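Please look over the sequence and the structure below before reading on. The paragraphs that follow go from enclosed space to open space and then to charge.

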Amino acid sequence: MTSKTWFITGTSTGFGRALTEALLARGDRVAATLRRPSALDDLAAAYGDHLWRAALDVSEPARVRDVVDAAFAALGRIDVIVSNAGYSLVGAAEEPTDEQVERQLDTNVLGSMTLARAALPHLRAQGGGHLMQFSSIGGQAAFPFVSVYNATKWAMEGFYEALAQEVAGLGIATTLIEPGGFRTDANTRSVDAAPALPAYAELRARTLADFSAPIGDPARLATAVIAAADAPRPPRRLLLGTDAYDAVHASLSARLREVEAQKDTASATDHA
């Protein structure tokens, strides 16, 4: 198989690191972006010029555009753009501060949108490519105490639904990656927790009691993502984890039942 060149955000830990390691091991080139490039010193020593690094905080739009331009200038063709950088904001809808909400939106939504918008002119110029956006099980199902995080993932799902239709004729594929729970630091080190209000104490306790330990393996996720990128017709959505399948299936089924229940009443507002 012909090797590819990838651009990946958020490569210091978790999914981004696992994907970078797997790609380098199979001989691909990776443009890896992260806040501290020194976190990949070990991979740079092992793989040399197969790894291109740049400091990037995706919440800074001008910097996103500069880094994308620099990567294409340095590497020429880039086949796959992976928008992975992001984090979880935990708290009931009214609990986070305005600053916490703004930072969540700046990173998970505007950062991801800016990356796609910055890459598109380059992908069009080279005649195609593949945009892969990390969404979540929370991009199609919703859960208490992550309402703002859910909002960011639902926003990116809508953005990519439209984007996919816009670029299909340009040779550009899109994939929304929808993982369930995985054994990364996504629920520990990188979480931003909102101040807790007593009004939600009972629900919070019940929610925590129902919480199951993550079962997903990041290395296996990397393998699945690479396989999707290598596919002749990449999937528009990639569900990863039995918990993701179960939750999304239940959510969509419930919503479809609600839609079907209104089949006869929806026409009430049609012009006579």
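A cavity is, on a 1 Å grid over the protein atoms alone, a set of points where a 1.4 Å probe fits but cannot get out, whereas a pocket is an open set with protein on both sides within 12 Å along at least five of seven lines, and lining residues have an atom within 4 Å of a point. This is a predicted model, in which local features need pLDDT of at least 70 and side-chain atom pairs count only at pLDDT 80 or more, while totals for chains, interfaces and linings use all residues. Residues are numbered from 1 along each chain as its sequence is written, and side-chain values use heavy atoms, with hydrogens and water left out.

The structure holds 1 cavity of 30 Å³ or more, and the largest cavity encloses about 40 Å³, a volume being the space filled by probe spheres set on grid points that are joined across faces, edges and corners. Its lining is made up of Y160, E161, T174, T175, L176, R236 and R237. Both α5 (147–167) and β7 (172–179) bring at least two residues to this lining, and β7 gives the most, with 3 residues; helices (H or I, at least four residues) and strands (E, at least two) are DSSP runs numbered from the N terminus.

The second largest pocket has a volume of about 310 Å³. It is lined by 18 residues, of which G129, H130, I172, A173 and P234 are the closest to its centre. Two or more lining residues come from each of β6 (129–134), α5 and β7, and here too β7 gives the most, with 3 residues.

Turning to charge, a search of the whole structure finds 15 salt bridges, each being a side-chain nitrogen of Lys or Arg within 4 Å of a carboxyl oxygen of Asp or Glu. One of them joins the side chains of K4 and D230, at 2.8 Å from N to O. Because K4 lies in the segment before β1 (5–9) and D230 in helix α7 (residues 218–230), this pair ties together parts that are 226 residues apart in sequence.
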